[in-house]
Amino acid sequence: MNQSFDYFKSKNLDVISQLWTKKSEADLIMEYARTANCDMVVIMTDQADRSISSILGTQASKLVNHSNIPVLSVGPKKEFSKTDIPSI
């Protein structure tokens with residue numbers, strides 16, 4: 001989450017990051033997005049599996065499929081060390 005937050009802030013975009021409990025994550029996100037008049041919801045996925053629900057996770061799938069506000073799902077950027085970069 002910090003990687004996404006830092007990236008959007010570096011692009012001078014307004015970002016709000018909050019943690020809630022009790023309701024499902026998808027319901028909380030949709031509720032907040034409506035009350036804050038959000039133009040888009042951006043979620044980060046970090047699972048790599050075969051099915052859509054496994055890739056996005058159950059709550060993310062619910063959000064993508066039921067939100068009236070556009071949802072952008074992004075994967076975290078892999079961080080490379082100098083030894084990971086092939087020499088040319």
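**Figure 1. The one aromatic pair of the structure.** In this predicted model, the two rings belong to Tyr7 and Phe8, and their arrangement is edge-to-face. A pair of aromatic rings is described by the distance of the centres and the angle of the planes. For Tyr7 and Phe8 the centres are 5.5 Å apart and the planes stand at 75° to each other; an angle over 60 degrees counts as edge-to-face. Tyr7 is partly exposed, with a relative accessibility of 46%. Phe8 is likewise classed as partly exposed, at 21% relative accessibility, where a residue counts as buried under 20%.

**Figure 2. The one salt bridge of the structure.** The side chains of Asp27 and Lys62 form this contact, with an N to O distance of 3.2 Å. Asp27 is part of helix α2 (residues 25-35) and Lys62 is part of helix α4 (residues 58-66), so the salt bridge ties together parts of the chain that are 35 residues apart in sequence. Asp27 has a relative accessible area of 30% and is therefore partly exposed. For Lys62 the relative accessible area is 30%, and this residue too is partly exposed.

**Figure 3. Pairing of strands β1 and β2.** Strand β1 (residues 41-44) and strand β2 (residues 71-74) run in the parallel sense and are joined over four bridges. Within this pairing, Val41 of β1 stands opposite Val71 in β2.

**Figure 4. The two faces of strand β1.** Val41 and Ile43 make up the covered face of the strand, whereas Val42 and Met44 make up the uncovered one. Val41, on the covered face, is the residue that stands opposite Val71.

**Figure 5. The protein chain as the setting of the close-up views.** Four helices and two strands are present in the chain, and along the sequence they follow the pattern α-α-β-α-α-β. Of the 88 residues in the protein chain, 18% are buried. Among contacts between residues at least 6 apart in sequence, 59% join residues at least 24 apart. The salt bridge of Asp27 with Lys62 links parts 35 residues apart in sequence. The accessible surface of the chain comes to about 7400 Å², and carbon and sulfur atoms account for 53% of this area.

Notes
Residues numbered from 1 in each chain as written. Predicted model: local features only at pLDDT ≥ 70, side-chain atom pairs only at ≥ 80, totals over all residues. Heavy atoms only, no water. Buried < 20%, exposed > 50% of the residue type's maximum accessible area, 1.4 Å probe, protein only. Contact = heavy atoms within 4.5 Å. Areas by Shrake-Rupley, 256 points an atom, 1.4 Å probe, with all protein chains shown as cover. Salt bridge = Lys/Arg side-chain N within 4 Å of Asp/Glu carboxyl O. Phe/Tyr/Trp six-rings, centres within 6.5 Å; stacked < 30°, edge-to-face > 60°. Pairing = 2+ DSSP bridges.
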